[in-house]
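Biologist: I should like to take a close look at a single strand and its surroundings. Please describe how its side chains are arranged, what it pairs with, and what lies around it.

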Amino acid sequence: MRIATGALAVGASWALGVALAAAPGTAVAADPARTHEVVIQGMLYVPETLTVRPGDVVVWINKDPFPHTVTASGAFDSGPIAAGKSWRFTARRAGAHPYLCALHSTMKGTLRVE
Ligand SMILES: [Cu+2]
C-alpha cells in the first residue's frame with residue numbers, strides 16, 4: 001500500500017512538472033491579443049466588469065440614443081461617445097480600473113487587466 005501511494009505521488013508530481021513546463025509556450029500560442037466588447041445600453045455597461053489581458057483591445061459600443069463616456073480617472077477617458085458610435089482602448093496597465101460615465105454618475109463599470 002505504501003509503495004502504491006508513493007508511486008502515485010511520483011506520478012502526480014511528474015504530471016505537474018510537465019504541465020508547468022508546458023504552460024508558458026501554451027499561453028503564447030493560445031492567447032494572442034483579443035478584442036472585447038462592452039455594450040452601453042439602457043444607461044448600463046454590459047458586462048459591468050470585464051477582465052482582459054495586457055495588450056487586449058476593449059471596444060465600448062454606445063447603443064443608447066444619447067452620448068456617454070468611459071472615464072477612469074488617471075487611466076483612460078473616452079470623452080463623449082455619440083449615439084451609435086464606439087470607442088476602442090488597448091489595455092496596458094495591470095490592475096482593476098473602475099470607470100464611470102462623466103455625463104451620468106449612476107453608470108459604473110470596472111475594467112480588470114491581469
Ligand atoms: Cu452616460
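Modeller: In this predicted model, the side chains of β4 alternate along the strand. V58, W60 and N62 point to one face and are buried, whereas V57, V59 and I61 point to the other face and are not buried. In a regular strand, side chains do alternate between the two faces of the sheet in this way.

The pairing of the strand comes next. Strands of a sheet pair through backbone hydrogen bonds, in either a parallel or an antiparallel sense. Strand β4, residues 57-62, pairs with β1, residues 35-41, in the parallel sense, and six bridges link the two. Within this pair, V39 has I61 of β4 as its bridge partner, and I40 stands opposite N62 of β4. Strand β4 also pairs with β7; these two run antiparallel and are joined by five bridges. Here V57 stands opposite T90 of β7.

These pairings belong to an open sheet of four strands in the order β2-β1-β4-β7, with mixed pairing. Its edge strands are β2 (44-46) and β7 (86-90), each of which pairs on one side only. From one strand to the next, the twist averages 20°.

The buried face of β4 leads to the nonpolar core. The largest such core has 13 residues, and V38, V58 and W60 touch the most other members. The elements that contribute two or more residues to this core are β1, β4, β8 (95-101) and β9 (104-113). When residues up to four places away in sequence are left out, W60 touches V38, I40, V70, S78, I81, S86 and W87.

Two backbone details beside the neighbouring strands of the sheet also deserve attention. Most residues other than glycine have a negative phi, and most peptide bonds are trans. M43, in the loop between β1 and β2, has a phi near 65°, which is a positive value in a residue other than glycine. M43 counts as exposed because it has 12 C-beta neighbours inside 10 Å, and a residue with 12 or fewer is classed as exposed. The other detail is a cis peptide bond between V46 and P47, with omega about 0°. P47 lies in the loop between β2 and β3 (49-52).

To return to the strand itself, β4 pairs with β1 in the parallel sense and runs antiparallel to β7, while V58, W60 and N62 are buried on one of its faces.

Note on methods: Residues are numbered from 1 along each chain as its sequence is written. This is a predicted model: local features need pLDDT of at least 70, side-chain atom pairs count only at pLDDT 80 or more; totals for chains, interfaces and linings use all residues. Two strands pair if DSSP finds at least two bridges between them. Axes are lines fitted to C-alpha atoms, for helices over the stretch in contact, and angles run from 0 to 180 degrees between N-to-C directions. A nonpolar core is a set of buried Ala, Val, Leu, Ile, Met, Phe, Trp, Tyr and Cys residues joined through C-beta atoms within 7 Å. A residue is buried if 20 or more other C-beta atoms lie within 10 Å of its own, exposed if 12 or fewer, and partly exposed in between; C-beta atoms are placed from the backbone. Two residues are in contact if their C-beta atoms, placed from the backbone, lie within 7 Å.
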